[in-house]
Amino acid sequence: MTSQRKRVGVLISGRGSNMRSLVEAASAPDFPAEIALVLSNVADAAGLDFARTQGIATALVEHKAFSGREAFERAMHETLVGHGVELVCLAGFMRLLTPWFVGQWRDRMLNIHPALLPAYRGLHTHERALAEGVKIHGATVHFVAPEVDAGPIIAQAAVPVLGGDTPETLAARVLAQEHRIYPLALKLVASGAARVDGARVLIEGEAAAPDALLWPTA
Ligand code: DQB
Ligand code: GRF
């Protein structure tokens, strides 16, 4: 069973709190995936230090060192393959990926987005949600498609927007839920319970246990 755990490569560019939540979840012996590699495109990403302290293999592939996007991505791809990676998790990875790279990892690459997709694709989601006065916001884990923030949805969590919220307080409330649903989504994908069916993700047993929809309990 242990040998069947899916080998996961996590791509980061910064803080790495979502990567950390995946590492912590994967430390459970019955988790269906292991974090085989943390890859950053930024040398001083704080997440790299955490991964090193955990004894996890790390790699630095700096986009600035390459002549173009495709050369950068080929280097990342070779590093991932070289570490036997089977699933990729984007976790605060800030470079847009070309259709070539997305195609290499089709239905095997996840991303976490700080909004309830298909609302608020793109950057600065919390500022935009506050500006538009929505009452419910949240986070989404989805498979990565060539079109940014548009792939099949695996898991979502909703949070209330409160009267005194700033982008920072709202971001913190959403982030706490990100740290719950990213491990959940990875577990569903790595175990084979979640599979892509056209534009949607079907989850085995979901009717009995609708745990892809979460609401903060505290
Ligand atoms: C991100 C989504 C968008 C951005 C960053 C991360 C962004 O617009 N960054 C500024 C431009 C940086 C650059 O020039 O590279 N979320 N690629 C594909 N599909 C995705 C998601 C992320 C990153 C790359 C996707 C992605 O859904 N093709 C993560
Ligand atoms: C998270 O809010 C994630 O949803 C977004 O970028 C942020 C990354 O934070 N894609 P961290 O590096 O995981 O702490």
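**Backbone oddities, a buried asparagine and a helix crossing**

At 57% relative accessibility, H124 counts as exposed (over 50% relative accessible area with a 1.4 Å probe, protein chains only; buried means under 20%, and partly exposed lies in between). The model is predicted, so local features need pLDDT of at least 70 and side-chain atom pairs pLDDT 80 or more, while totals for chains, interfaces and linings use all residues. Residues are numbered from 1 along each chain as its sequence is written, and side-chain values use heavy atoms, leaving out hydrogens and water.

H124 sits in the loop between β5 and α5, and its phi is near 60 degrees, a positive value in a residue other than glycine. P118 lies in the loop between β5 (109–113) and α5, and the peptide bond leading to P118 from L117 is cis, with omega near 10 degrees. D149, also not a glycine, has a positive phi of about 60 degrees, but D149 is buried, at 11% relative accessibility.

Then there is N41, in the loop between β2 (33–40) and α2 (46–53). N41 is buried, with a relative accessible area of 2%. Leaving aside residues up to four places away in sequence, N41 touches several others (heavy atoms within 4.5 Å), among them L60, F72 and R95.

As for the helices, H126, E127 and L130 in α5 meet P167, L170, A171 and V174 in α6. The axes of α5 (residues 125–132) and α6 (residues 167–191), lines fitted to C-alpha atoms over the stretch in contact, with angles running from 0 to 180 degrees between N-to-C directions, come within 9 Å and cross at roughly 115 degrees.

Technical notes:
Chains are lettered from A and ligands numbered from 1 in the order in which they are written. Helices (H or I, at least four residues) and strands (E, at least two) are DSSP runs, numbered from the N terminus.
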